[in-house]
Amino acid sequence: MARVVVDVMLKPEILDPQGQAVQRALPRLGFEGIADVRQGKRFELEVEGPVDDAALARIHEMAETFLANTVIEDFTVRVESAETAGASS
């Protein structure tokens, strides 16, 4: 099985109150030097079978119609390699 990741973020022109709240809290917690924070969503999809152009097109359609509100959000779709699936930063 392959893992496909869909990242959804508010469009740059849309106000992000959750990101702003985090950004304001960081200095109080001792984390300096962060100019901006934007909060988003990450969907990890375990795909049965090969992730070919048809599968990616279907996932893109799913993201556009169900996972993201494209009026206010942008999204990216990418295949995550087995080496990075489960790795954390």
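Trainee: What percentage of the 89 residues of the protein count as buried?

Mentor: Keep in mind that we're looking at a predicted model. To count as buried, a residue needs under 20% relative accessible area. Of the 89 residues here, the share that gets there is 25%.

Trainee: In what order do the elements run from the N terminus on?

Mentor: You've got two helices and three strands to place. Start at the N terminus and walk along the protein, and the order reads β-α-β-α-β.

Trainee: Which elements each supply at least two residues of the largest nonpolar core?

Mentor: That core has ten residues, including Val4, Val6, Leu45, Val47, Ile59 and Ala63. Match them to the elements, and those with at least two core residues each are strand E1 (2-10), strand E2 (40-47) and helix H2 (53-67).

Trainee: Leu67 is in that core, too. Which residues is it in contact with, leaving aside neighbours within four places in sequence?

Mentor: Contact here takes heavy atoms within 4.5 Å. With those neighbours set aside, the partners of Leu67 are Val6, Val8, Lys41, Phe43, Met62 and Glu73.

Trainee: Now helix H1: how far apart are its end C-alpha atoms, and what span should we expect?

Mentor: H1 covers residues 17-28, twelve in all. At 1.5 Å a residue they should span 16 Å, which agrees with the end C-alpha distance of 18 Å.

Trainee: Why do the buried residues of H1 sit on the same side?

Mentor: The buried ones are Gly19, Ala25 and Leu26. They share a side of H1 because the arc they cover around the axis is only 130 degrees.

Trainee: And which residues are exposed on the other side of H1?

Mentor: Exposed means over 50% relative accessible area. On that other side of H1, the exposed residues are Pro17 and Arg28.

Notes: Residues are numbered from 1 along each chain as its sequence is written. This is a predicted model: local features need pLDDT of at least 70, side-chain atom pairs count only at pLDDT 80 or more; totals for chains, interfaces and linings use all residues. Side-chain values use heavy atoms; hydrogens and water are left out. Helices (H or I, at least four residues) and strands (E, at least two) are DSSP runs, numbered from the N terminus. Buried means under 20% relative accessible area, exposed over 50%, partly exposed in between (1.4 Å probe, protein chains only). A nonpolar core is a set of buried Ala, Val, Leu, Ile, Met, Phe, Trp, Tyr and Cys residues joined through side-chain atoms within 4.5 Å. The expected span of a helix is 1.5 Å times one less than its number of residues. The arc is that of the directions from the helix axis to the C-beta atoms.
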